[in-house]
Amino acid sequence: MTAETLDGKALAATIKAELKERVAALAEQGIVPGLGTVLVGDDPGSHSYVRGKHRDCAQVGIASIEVELPASTSAAELESRIRELNDDPACTGFIVQLPLPGALDDGWALGLVDPGKDADGLHPVNLGRLVLGEPGPLPCTPRGIVELLRRNGIGLSGAEVCVIGRGTTVGRPLGLLLTRKSENATVTLCHTGTVDVAEHTRRADIVIAAAGRPGLITADMVKPGAVCVDVGITRTEAGLVGDIDPSVREVASWVAPVPGGVGPMTRAMLLTNVVERAEALASAR
Ligand SMILES: Nc1nc2c(c(=O)[nH]1)N[C@@H](CN(C=O)c1ccc(C(=O)N[C@@H](CCC(=O)O)C(=O)O)cc1)CN2
């Protein structure tokens with residue numbers, strides 16, 4: 001078997017075209033959604049992701065507000081820049097790009113964002129809403145994975161899903177999302193304390209690897225016909241490398257690759273969160 005590709009790049013382009021029409025409809029009501037980003041430090045990956053987010057905004061008609069700060073930024077300065085965005089009416093939603101450098105704490109910074117402007121769905125209030133099954137912005141990568149599977153006709157209800165990685169941006173919220181009644185999957189969450197990861201992946205209909213360990217999932221760890229979604233991105237001299245070894249393509253039915261799979265969907269879901277928030281503001285007027 002040679003796996004088909006879950007093409008996140010193509011799907012993200014379709015979603016952006018849909019969002020462009022919704023943004024145009026908002027403009028007719030005098031509303032321009034504005035995405036703010038707070039980027040601290042020099043991490044090349046973070047700079048590349050934030051550049052991509054603003055390129056996407058320009059494509060769909062969302063205004064961009066860019067805050068770029070040096071790695072030496074103090075906690076007090078970062079707090080004041082986040083509070084400025086909370087108070088800026090042109091900014092309908094914003095994100096703090098993670099990870100923050102040095103001693104700046106990711107969780108602390110996320111907690112300073114106005115939950116109503118939390119375009120990443122990572123504020124504790126919004127993660128709490130996810131736990132409770134209440135409406136709110138959803139974390140972009142988990143939402144992107146569910147959308148990528150759904151729009152390719154891959155059913156989640158009753159599926160055995162094995163997620164590898166328990167990080168706050170992907171693994172943990174993904175487990176919560178997949179086990180909602182509307183998704184209805186059965187989830188096993190593996191992490192560095194898992195004794196035998198392969199024992200769990202071999203049982204799964206869908207394997208989602210978000211560990212950031214190149215080539216972690218090999219063909220012998222995957223049930224024939226399973227769907228494999230790569231979320232791990234490691235930058236090497238040879239280019240970007242995912243957690244899923246290329247050999248998996250010989251066993252799996254579908255693979256979401258790195259690059260071109262979940263990454264572009266993460267960005268498309270960020271725009272979706274921003275547009276949904278602006279639409280909610282429009283209907284509350
Ligand atoms: N505040 C946040 N920080 C981080 C998040 C997040 O959702 N919110 N997730 C990741 C990084 N990330 C988004 O910010 C992200 C990762 C990857 C991509 C992407 O488009 N990847 C491309 C390759 C891009 C490249 O060449 O570098 C792909 O996989 O095809 C977009 C966004 C951690 N931080």
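Before I turn to the helices, one definition: two residues are in contact if their C-beta atoms, placed from the backbone, lie within 7 Å. Please also keep in mind throughout that what we are looking at is a predicted model.

With that cut-off, let me start with helix 1, residues 8-28, where G8, K9, L11, A12, I15, K16, L19, R22, V23 and L26 meet a set of residues in helix 9, namely V262, G263, P264, M265, R267, A268, L271, T272, V275, A278, E279 and A282. Sorted by class, this contact of helix 1 with helix 9 has 14 nonpolar, three polar and five charged residues. As for the geometry, the two helices pack at an angle of about 15°, with their axes 9 Å apart, and because angles under 35 degrees count as roughly parallel, helix 1 is roughly parallel to helix 9. The crossing of this pair is left-handed.

Helix 9 has another partner in helix 2, and here the axes come within 10 Å and cross at roughly 55°, which makes helix 2 oblique to helix 9. This crossing is right-handed, and the contact is made by G52, K53, D56 and V60 on the helix 2 side and by R267, L270 and L271 on the helix 9 side. By class, the contact of helix 2 with helix 9 has three nonpolar residues, one polar and three charged.

A further pair is helix 5, residues 124-132, with helix 7, residues 171-178, which pack at an angle of about 35° with their axes 9 Å apart. Helix 5 brings L127, L130 and V131 to this contact, while helix 7 brings P173, L176 and L177, so that, by class, the contact has six nonpolar residues, no polar and no charged ones.

Now to the ligand. Which residues come nearest to the ligand? Of the 20 residues around it, they are S48, Y49, L98, P259 and G263. The elements that give two or more residues to this shell are helix 2 (44-60), strand 4 (93-96), helix 6 (140-150) and helix 9 (262-284), and helix 9 gives the most, with four residues. In terms of class, the shell divides into ten nonpolar, eight polar and two charged residues.

Finally, the domains. The protein is divided into domain 1, residues 30-114, and domain 2, residues 140-263, and the centres of the two, taken over C-alpha atoms, are separated by 28 Å. Why does the ligand lie between these domains? Both domain 1 and domain 2 give residues to the shell around the ligand, and therefore it lies between them.

Methods:
Residues numbered from 1 in each chain as written. Predicted model: local features only at pLDDT ≥ 70, side-chain atom pairs only at ≥ 80, totals over all residues. Near = placed C-beta within 6 Å. Domains from an automatic or database assignment. Axes fitted to C-alpha atoms, helices over the stretch in contact; angles between N-to-C directions. Parallel < 35°, antiparallel > 145°, perpendicular 65-115°, else oblique. Left-handed = near helix turned anticlockwise from the far one by under 90°.
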